[in-house]
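Dear colleague,

I am handing over the structure below, and after it you will find an account of what came out of the analysis. Please read the two side by side.

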There are 2 protein chains.
Amino acid sequence: MQIITSRDNAKVKRLASLHKRENARREGLVFIEGERLCRDAFESGIKPFEVIVTEKNVSWAEEYAKEAEMTVLSEDCFKKIASTVNPQGIACILKQPVLEKEIPFRGDGNDIYAVLEDIQDPGNLGTIIRTADAFDFTAVIMSPSTCDPFNEKTLRASMGSVWHLPLVTASMDDAFAFFDKNNVDSLAMHLKGEDLNDADLKLPAAYLIGNEGRGLTSETSAKCTRLVKIPMPGKAESLNAAAASAITGYVLASKRK
Amino acid sequence: MQIITSRDNAKVKRLASLHKRENARREGLVFIEGERLCRDAFESGIKPFEVIVTEKNVSWAEEYAKEAEMTVLSEDCFKKIASTVNPQGIACILKQPVLEKEIPFRGDGNDIYAVLEDIQDPGNLGTIIRTADAFDFTAVIMSPSTCDPFNEKTLRASMGSVWHLPLVTASMDDAFAFFDKNNVDSLAMHLKGEDLNDADLKLPAAYLIGNEGRGLTSETSAKCTRLVKIPMPGKAESLNAAAASAITGYVLASKRK
């Protein structure tokens, strides 16, 4: 077994470069570091084409990613490619999944969609995807300007859920065309909406959440079936986007038959 | 007006040191950077004793913090004390609020409490406090090992809500003694609980959320009136702590009369 021990090794330099998300994305790759994140992907059926481990993790790699090419680095070299001070010594590279273009439809009367217009915080995106997975949404639909779902922070916040349900990139126009065609109610999360408690909710439904700073654009809100608001009797003017998404997702999921 | 222009100035060094949370905490101070975070605090009635601004923000300081001592730094010096690459040039120092020891009780039959056992992620803590504020909880009760509510990430996630409602540090024993005395239902958020949809919920109530990695301790769960679970028909095994808190808070708030 060959162990790379030089930080100047070309392979080490390439791996360190791929750990910068923009470099990996340019090559259509995802670099994942850490045992939990790697295992989340493998157990969801994602096959890495390369695993990078320190010597003590070789048997882990042989167990979890036997078909992948294995690169073994010294502890010191691994630190160069890692983002944490005390890395676990486990990372992998996989081909970036293609985001779906077609919005899936189950048609069983229980479809729920989260639609994200330009969400910018990777932690929020990951948490929203995790909640969508927990409530068995049909898909998460993201506007083209929504942040990258394969960003390391998103992967961490999603706890593996990015691999569990369809993530679709679609323009808001395409999303509304789909909703119209399939009779999907569209709910704009909007501070001027009617109380979520009082709204006449029915499935299939999609709820739309806007950018953290400015909310939904007025064009998008205007196209929705109704505007809804989570009642907030306290002093906070708004909820975190992922918290609002969790509440609305829960309420819609409780309408399923 | 004196403008400090040397990065080696003793005052600049002290401010840079206070920006490290552990140093500020040791002195019983909170260092806040950024216009929005500073203004959130001032508008909630918190009086800073020092504002630190660049020359272009002097009039801002005079408007929002007229009673505070003002220190003016050059743009370059401000960068030394800031955590962002392009800082806005606005920061302040305030006395760290004392966390309450006594749990407040309104007694109007609508009291709701979030109880956090060792939450470790500052972003989660801030988001939970923001949601608690939005739903007008009586207080957020934190175990002594819960992370620091005046951490910069917590302040950012709370969007000013840390200044809006009572934050109490209490042992779980003290919390349960209070709940018993005041007839407050205690709900353990627990993966083995009954469905939140089916649970017989009544107010006043507290819900208890455990550490992100291991959930509630079995000692704490055992003391609760009931165990409840948010139904998750999908593949995710659990929800983010702040997402679970938002859902439970919403459901309890909707029981108010």
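What rotation, and what shift along its axis, superposes chain A on chain B? In this predicted model, the rotation is 180° with 0.0 Å of shift along the axis, and the superposition gives an RMSD of 0.0 Å. That is the relation of a two-fold axis. The same surface serves both copies, since 100% of the contact residues of chain A recur in chain B.

As for the contact itself, 26 residues come from chain A and 26 residues from chain B. On the side of chain A that touches chain B, α6 and α10 of chain A each supply at least two residues, and the largest share, six residues, comes from α6(A). Sorted by class, the residues on that side of chain A comprise 13 nonpolar, nine polar and four charged ones.

Turning to chain A as a whole, its secondary structure comes to ten helices and eleven strands, and its C-alpha atoms fill a box of roughly 65 × 40 × 30 Å when the box is taken along the principal axes. Of the 257 residues of chain A, 48% count as buried. Among the contacts in chain A with a separation of 6 or more, 77% are between residues 24 or more positions apart.

The two helices named above for the contact with chain B also pack against each other within chain A. Helix α6 (residues 122-134) of chain A and helix α10 (residues 241-253) of chain A have axes 9 Å apart, at an angle of about 10°, and α6(A) and α10(A) are therefore roughly parallel to each other. On the α6(A) side, the residues that take part are N124(A), T127(A), I128(A), T131(A) and A132(A), and in α10(A) they meet A241(A), A242(A), S245(A), A246(A) and G249(A). This contact of α6(A) with α10(A) has five nonpolar and five polar residues, and no charged residues.

Helix α10(A) also has a place against the sheet: α10(A) lies across β6, β9 (185-195) and β10 (205-209) of chain A, and runs at about 170° to β10(A). The sheet in chain A is an open one of six strands with parallel pairing, and the order of its strands is β8-β7-β6-β10-β9-β11. At its edges stand β8 (167-169) and β11 (226-229) of chain A, each with a single partner strand, so one side of each is left without a neighbour in the sheet. From one strand to the next the twist averages 35°. Within this sheet, strand β6 (residues 112-116) of chain A pairs in the parallel sense with strand β7 (residues 139-142) of chain A over four bridges, and V115(A) has I141(A) in β7(A) as its bridge partner.

In chain B, an open sheet of six strands with parallel pairing has the order β8-β7-β6-β10-β9-β11. Here β8 (167-169) and β11 (226-229) of chain B are the edge strands, and each has a single partner strand, so one side of each is left without a neighbour in the sheet. Neighbouring strands of this sheet are turned by 35° against each other on average, with direction ignored.

Two pairings in chain B may be worth following residue by residue. Strand β9 (residues 185-195) of chain B runs parallel to β11(B) and is joined to β11(B) by five bridges, while β9(B) also pairs in the parallel sense with strand β10 (residues 205-209) of chain B over four bridges. On the β11(B) side, A188(B) has L227(B) as its bridge partner, and L187(B) has R226(B). On the β10(B) side, A188(B) stands opposite L208(B).

Finally, a note on another helix of chain A. Which residues are buried in helix α3 (residues 35-43) of chain A? They are C38(A), D40(A), A41(A) and F42(A), and the buried residues of α3(A) pack against β2 (29-33), α4 (58-64) and β5 (90-95) of chain A. After α3(A) comes G45(A), whose phi is positive, near 90°.

With kind regards

Methods. Residues are numbered from 1 along each chain as its sequence is written. Chains are lettered from A and ligands numbered from 1 in the order in which they are written. This is a predicted model: local features need pLDDT of at least 70, side-chain atom pairs count only at pLDDT 80 or more; totals for chains, interfaces and linings use all residues. Axes are lines fitted to C-alpha atoms, for helices over the stretch in contact, and angles run from 0 to 180 degrees between N-to-C directions. Angles under 35 degrees count as roughly parallel, over 145 as roughly antiparallel, 65 to 115 as roughly perpendicular and the rest as oblique. Two residues are in contact if their C-beta atoms, placed from the backbone, lie within 7 Å. Ala, Val, Leu, Ile, Met, Phe, Trp, Tyr, Cys and Pro count as nonpolar, Asp, Glu, Lys and Arg as charged, and the others, Gly among them, as polar. Two strands pair if DSSP finds at least two bridges between them. Copies are superposed by least squares on the C-alpha atoms of residues with pLDDT of at least 70 in both. A residue is buried if 20 or more other C-beta atoms lie within 10 Å of its own, exposed if 12 or fewer, and partly exposed in between; C-beta atoms are placed from the backbone.
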